[in-house]
Amino acid sequence: MKWWLFALSAGLAVAGFGVELSFDGVDRQINERKPGWLSKAEALRPTLYRETLKPVGTVKVVEDAQSFQRLKIGETGNDTATADFILDFGRHLTGYFRFKLKAGSNPLDFPLRLRFVFGETLAEVVGNPDEKPTGLSRAWFQDEVVNIDFIPGEVALPRRYAFRYVRCVVPEFNRAKQKFSFDGFSAEAVTSANPINLAEGRFGNEEERRLDTIALNTLRDCMQTMFEDGPKRDRRLWLGDLRLQALANYETYRNFNLVKRCLYLLAGLSDQDNMVRTDCYDQPSPHRGDCAILDYTALYASTLLEYLEASGDRATAEDLWPIALKQLQITLRDVDENGLFKKSPMWCFIDWDSKLDRQAPEQGVLLYGLKRTIELADKLGRRDQVAAVEPLVQKMVTAARESLWDAERKLFVSGPDRQVSMASQIWMVLSGAVTGQDAKDCLLNAAKVPDVRKPFTPYLRNYWIEALDVAGLRDTARKELLEYWGGMAKRGADTFWEGFVPEDDFFSPYGNHLINSYCHAWSCAPCYFLRRWAAPAR
Ligand code: RAM
């Protein structure tokens, strides 16, 4: 037995949960490999595919009570000789924008001031972000002012945007109208998703095909030099989003190297305690973010396991195994001696719901992470290294059943107020703490509780669909998927959104819907589920 493993087993045997386990040997291995991991991530930096797009025309936006956010496209045309017009590129894209200017009949004798607003939705191009405060930076709203000294010429805006619409405002139009005109606009869309690799899908009907297409576009526009959460905001790699993107990617664009790169980035940027931080940036050079989400950390091993299963790349899984094992130690820190999670100093996310009690869902996700780490160990022939933690699975299941299961109502409750949420049932079912009829019951019973806390984001909805499927309720899962993502499609989504609450078009976790991301990685579930369900059993 290796000495660090001995320390781990001894620590557990003596103290069980609630104690810092000794992982010295693992830490040493990680520290030795870490610089190499970052170099490997760098070597995997993808070249981006580029496509030039022209606007399909201009649009006028009109108010309409029945439409998403009470706005719809009215008249369409081609008129760019006005003080204020909106270009429509006909599809969502992540990329760059440029335009040409022609001289007019009179010389330009002052700088031409132009304002551009880029929108994934109509609301962004006609709305005023300053009307409602947001908890995030106002600068996420994609607008720019440019002052042009000389014409004719071509101007390329320096930043990357995520958009379908571009509003162009010429504040001094009357002063300038004899002196210039626009002479063409174009966008360069960028992605690391190669359409040639796109696997053909089989769908039950046109509605399913449509949802798949919107999900593919979402994934494509989030696939950049790493998997970004949203190309408008935060433009960051987040571990929780990565897992769902990776799963969808295996069914579609099959860019295994991009997943590998992200796994290496997170590992190479892990902190001084060797915790993979929840988020990281790629520009100007890779560096980590400052978030530490407990439930995301619990999913690192699962993401690595799924990468191994999809790609067959055992060398990478072997290389990253120590950091996956290390995350297990970190996530078990907040589980008490009875196998119960109570609270953590880390950020417990689960969903953007400030009123959600997180005890039961975290119990579920930590148990899930524990089991997936054991599975990974098994695949790598390292079962001996997790032998000491295996009894904890049963302990956590028992703790969940004893402390969180409401036998009368046949569902899980969470926290001192015994809150009923779909999140609790979802993660308990996914963790296997309940199976068979109990799993079906808790999901369906909770959904009927009048004040049940429902998911706010497609992230948790994704796991709701998966939990139904795992519980043997595939027809319900399919129906729910078509209803929820179909709800976004009916409201005109070109790509799926960060947040969607069917009863509230203006839902935003940040207080202002204009800051929301409307092309968001964790929303690409339809292309994952629909394709898997259509495929012969694997
Ligand atoms: C949001 C990001 C991301 C998510 C985190 C928790 O700010 O958009 O998608 O993973 O929050």
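This is a chat about the predicted model shown above, its fold, its ligand site, one of its pockets and a few features of its backbone.

Reader: Before we get into details, how many helices and strands does the protein have?

Author: The secondary structure of this predicted model comes to 18 helices and 14 strands. The radius of gyration of the protein is 25 Å, close to the 24 Å that the globule rule gives for 538 residues, so the protein is as compact as a globular protein of that length.

Reader: And what box do the C-alpha atoms fill?

Author: Taken along the principal axes, the box filled by the C-alpha atoms is roughly 85 × 55 × 45 Å.

Reader: Okay, now the ligand: which residues are closest to it?

Author: The ligand is surrounded by 14 residues, and the closest of these are Asp229, Asp234, Asp241, Tyr296 and His520. Sorted by class, the shell around the ligand holds 8 nonpolar residues, 1 polar residue and 5 charged ones.

Reader: Which polar side-chain atoms lie by an oxygen atom of the ligand, and at what distance?

Author: There is one in Asp234, at 3.0 Å from a ligand oxygen, and Arg233 has a polar side-chain atom 3.2 Å from an oxygen atom of the ligand. For Tyr510, a polar side-chain atom lies 3.5 Å from an oxygen atom of the ligand. As for cover, the ligand taken alone exposes 290 Å², and the protein buries 97% of that.

Reader: You named Arg233 and Asp234, so what kind of peptide bond joins them?

Author: The bond that joins Arg233 and Asp234 is a cis peptide bond, with omega at about 5°. Asp234 sits in the loop between helix H5 (206–222) and strand S10 (237–238), and Arg235 is also placed in the loop between H5 and S10. The phi angle of Arg235 is near 60°, which is a positive value in a residue other than glycine.

Reader: Where is the cis bond to Pro152, and which strands flank that residue?

Author: That cis bond runs from Ile151 to Pro152, and its omega is near 5°. Pro152 lies in the loop that links strand S6 (143–148) and strand S7 (153–156).

Reader: Changing topic, how much space is in the second largest pocket?

Author: About 400 Å³ of space lies in the second largest pocket. Its lining is made up of 21 residues, with Met422, Lys454, Arg461, Pro502 and Glu503 nearest the centre.

Reader: Which helix supplies the largest share of that lining?

Author: The largest share comes from H17, with 5 residues. Helix H15 (436–448), helix H16 (458–470) and helix H17 (474–490) each give at least two residues to the lining of this pocket.

Reader: And how does the pocket lining divide by class?

Author: The lining of the second largest pocket has 12 nonpolar, 2 polar and 7 charged residues.

Technical notes
Residues are numbered from 1 along each chain as its sequence is written. This is a predicted model: local features need pLDDT of at least 70, side-chain atom pairs count only at pLDDT 80 or more; totals for chains, interfaces and linings use all residues. Side-chain values use heavy atoms; hydrogens and water are left out. A residue is near a molecule or strand if one of its heavy atoms lies within 4 Å of it. A polar contact is a pair of N or O atoms within 3.5 Å; within protein, one must be able to donate a hydrogen and the other to accept it, and residues adjacent in sequence count only if both atoms are side-chain atoms. Accessible areas come from the Shrake-Rupley method with a 1.4 Å probe; for residues, only the protein chains shown count as cover. Ala, Val, Leu, Ile, Met, Phe, Trp, Tyr, Cys and Pro count as nonpolar, Asp, Glu, Lys and Arg as charged, and the others, Gly among them, as polar. On a 1 Å grid over the protein atoms alone, a cavity is a set of points where a 1.4 Å probe fits but cannot get out, and a pocket is an open set with protein on both sides within 12 Å along at least five of seven lines; lining residues have an atom within 4 Å of a point. Grid points are joined across faces, edges and corners, and a volume is the space filled by probe spheres set on the points. Helices (H or I, at least four residues) and strands (E, at least two) are DSSP runs, numbered from the N terminus. The radius of gyration is taken over C-alpha atoms; the globule rule is 2.2 Å times the number of residues to the power 0.38.
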